[in-house]
Amino acid sequence: MKRSSSHPTTTAPSGNNNFIGLSLIAVILFLYTFGLIESVLHLPAPNHRSRSWLRKLTKRQGNVSFGGNINIAKSGLLDVNEKEEGVGDVDEEDEQEPLNKGPIPEAQWPVSIRDEDGNFEEVIHPGHKAKGHPDVFMMLPRFWIDDPVAIHQNTLMSRDLAMKIGSCINPDEHGTKARGDDCPLSERTIYVAIASYRDWQCRDTVTSIFSRAQHPERVRVGVVDQIVEGEDGPCDAPYKPCSEDPEQTLCKYKSQLDVFQVDAPLSIGPVFARHIGHRMYRGEYYYMQSDAHVTFTRNWDEDIIRQQEATKNEMAVLSTYLTDIDGSIDENGDSLRDTRPIMCNTDYEEGQDNRYLRHGSQPEAQPTIHGTPQLQPYWAAGYSFSRGHFVVNVPYDFYQPMIFQGEEMSIGIRGFTIGYDFYAPERSVCFHHYAEGKNAKARNKVPHYWENTNQYAGSGIKAMFRLLGVVHMNPEINPERWDHSEEEKYGLGGVRTPELFYDTFGIDVKNKVTEHHLCSFVETGKMHNEFTKFLRPDGMGIDYSKITYRFKDPWNAKNKVE
């Protein structure tokens, strides 16, 4: 071994020299490997990724191409053992400000969550959290406005504030797209939220929404698509590649379609899926919620907006159980029905270790009230249309995994306390594909989220305690038994109380009974005629402080007289 002349002239055995050299090489390789691993571990986490089929179509890698879908990082699942150090834990000085840095963000159109790199947040999957396993994480879009209380402030929202929520396609002379009542009806934007679970008809529903709209340029659709990749067709995938047939509706309007894909095993029911759908709202003028197997009528957007505005109630929410598609629409997309359902029938049932209200079959007939939607007490999840601030003020509860029954009462009563009023549309603008008649065979093949029941066993019971507790429907239960996380955010308003709702419509939450035959008061138009007299002069909802009516079952009264 050659040595430097500047070193001491003492010699060492050659075997020791070889050992020292190999040791140094090993240390260098270890340090290099350690540094490489550290660098990889500290790479930023992706907020979304493109699907393999999309990459093949676009010949692109990396971020989702314009018009593609948005996916949860790691296919929706971040296990604690896989969760990289630093993922979701951004240094304070580098943390990106969310959209909602002011009370109300600036109205924008066009808009898409695809344009919001970094505006996602890491959350613990609520189903796993309820099971005591807070080690499964998801990346979700941030709310457009994260704090609903900052908007409604536990009092009646002012009309001036309401007018600041809702985008117009074209700006005013000052460049503002939040134009309130000054925005022409044809330029008011609509956000449509769809929760789909492994539903092959989802893409047909979206196609119907765009192709049947009078002004499709003002419509944006957000789909929470819960599928098994490789088995289920994605909701935004056209039947042919866009390169072969670019005139397909899903190709023409792909820039107005946001699809947030969730791995089906992470599905914990419609409440969580619709919660994500609410997170995808971006300040549109109107909000519409629909099931994933629905067909719309021609010019549905123009029709439902006219109906909404006919109420002269800024706090109106048009909602109903949809009529079956069979015999309802002709080949041109026009409705064949002169009847419509109205929400007035509910009663207690038992499940999830609780007793709760479940809406039954609703009566359908020709409207009693003409020229406007008709006032009703209840809200339905399968179809809802309102001003966009309904989403801001009444966001779906994050902490209700494995809930199906009870969802409608939760949203309806919370909305009532914030000042919203529910109406049956005078005309149906869409129809439902139920699993009956000629559609039974095909619809019965669609899986349901409760195929995940064993994985999340028991979480629905805890969620039901919370759901009923928030709306004061289980006064006999010790509040310590249910989760109070973010209760102010997902809770009640200060305009009306749940107790006022129960007293007005004959619901006894202590004895778990209802006054029957409420439809005799609602369907006949008596409720509408009596209550709408107290619509506030500025159109900000019905003033229930002036209503002394309390419903009692007329059949019981009749029997007592006899």
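Arg198 counts as buried because its relative accessibility is 14%, under the 20% limit for that class. In this predicted model, Arg198 is found in the loop between strand 5 and helix 6 (202-211). Although Arg198 is not a glycine, its phi is positive, at about 50 degrees.

Two further residues have a positive phi. Lys512, in the loop between strand 19 (507-508) and strand 20 (513-514), has a phi near 60 degrees and is likewise a residue other than glycine. Lys512 counts as buried because its relative accessibility is 11%. Lys312 comes just after helix 9 and takes a positive phi of about 55 degrees. Another backbone feature is the cis peptide bond that joins Trp109 and Pro110, with omega at about 0 degrees. Pro110 belongs to the loop between strand 2 (78-79) and strand 3 (120-124).

The next topic is the interior. In soluble globular proteins, nonpolar side chains tend to be buried together. The largest nonpolar core here has 126 residues, and Val221 and Trp300 touch the most other members. Strand 5 (residues 190-197) gives this core its largest share, seven residues. Trp300 touches Ile190 and Val192, and its other contacts include Ser208, Ile209, Arg212 and Val429, leaving aside residues up to four places away in sequence. Trp300 is also one of the buried residues of helix 9 (residues 300-310), among them Asp301, Asp303, Gln307 and Gln308 as well as Ile304 and Ile305.

Strand 5 appears again at the largest pocket, where it supplies the largest share of the lining, three residues. The volume of this pocket is about 1200 Å³. Its lining consists of 41 residues, and Asp291, His293, Phe404, His432 and Tyr434 lie nearest the centre. The elements that give two or more residues to the lining are strand 5, helix 8 (270-279), strand 13 (354-359) and helix 11.

Aromatic rings come next. A pair of aromatic rings is described by the distance of the centres and the angle of the planes. The structure holds 24 aromatic pairs. One of them is formed by Tyr399 and Tyr490, which are edge-to-face, with 6.2 Å from centre to centre and 70 degrees between the planes. This pair links distant parts of the chain, 91 residues apart: Tyr399 is in the loop between helix 10 (389-393) and helix 11 (407-418), and Tyr490 is in the loop between helix 13 (459-470) and helix 14 (498-505). Both tyrosines are buried.

Ring pairs also build a cluster, whose members include Tyr378, Phe416, Phe501, Tyr502, Phe505 and Phe551. Over the ring of Phe416 sits the charged end of Arg496, 4.8 Å from the ring centre. Elsewhere, the charged end of Arg203 sits over the ring of Tyr239, at 4.6 Å from its centre.

The loop between helix 13 and helix 14 also holds His472. Is His472 buried, exposed or partly exposed? His472 counts as partly exposed because its relative accessibility is 35%, which lies between the 20% and 50% limits. His472 touches Leu492, Pro498, Glu499, Tyr502 and Val509, not counting residues up to four places away in sequence. Of these contacts, Tyr502 is also a member of the ring cluster. The C-alpha atoms of His472 and Ile413 are separated by 9.7 Å, with their positions 59 residues apart along the chain.

Conventions
Residues are numbered from 1 along each chain as its sequence is written. This is a predicted model: local features need pLDDT of at least 70, side-chain atom pairs count only at pLDDT 80 or more; totals for chains, interfaces and linings use all residues. Side-chain values use heavy atoms; hydrogens and water are left out. Rings of Phe, Tyr and Trp (its six-membered ring) pair if their centres lie within 6.5 Å; planes under 30 degrees apart count as stacked, over 60 as edge-to-face and the rest as tilted. Helices (H or I, at least four residues) and strands (E, at least two) are DSSP runs, numbered from the N terminus. Buried means under 20% relative accessible area, exposed over 50%, partly exposed in between (1.4 Å probe, protein chains only). A charge sits over a ring if NZ of Lys or CZ of Arg is within 6 Å of the ring centre and within 35 degrees of the ring normal. A nonpolar core is a set of buried Ala, Val, Leu, Ile, Met, Phe, Trp, Tyr and Cys residues joined through side-chain atoms within 4.5 Å. Contact means heavy atoms within 4.5 Å. On a 1 Å grid over the protein atoms alone, a cavity is a set of points where a 1.4 Å probe fits but cannot get out, and a pocket is an open set with protein on both sides within 12 Å along at least five of seven lines; lining residues have an atom within 4 Å of a point. Grid points are joined across faces, edges and corners, and a volume is the space filled by probe spheres set on the points.
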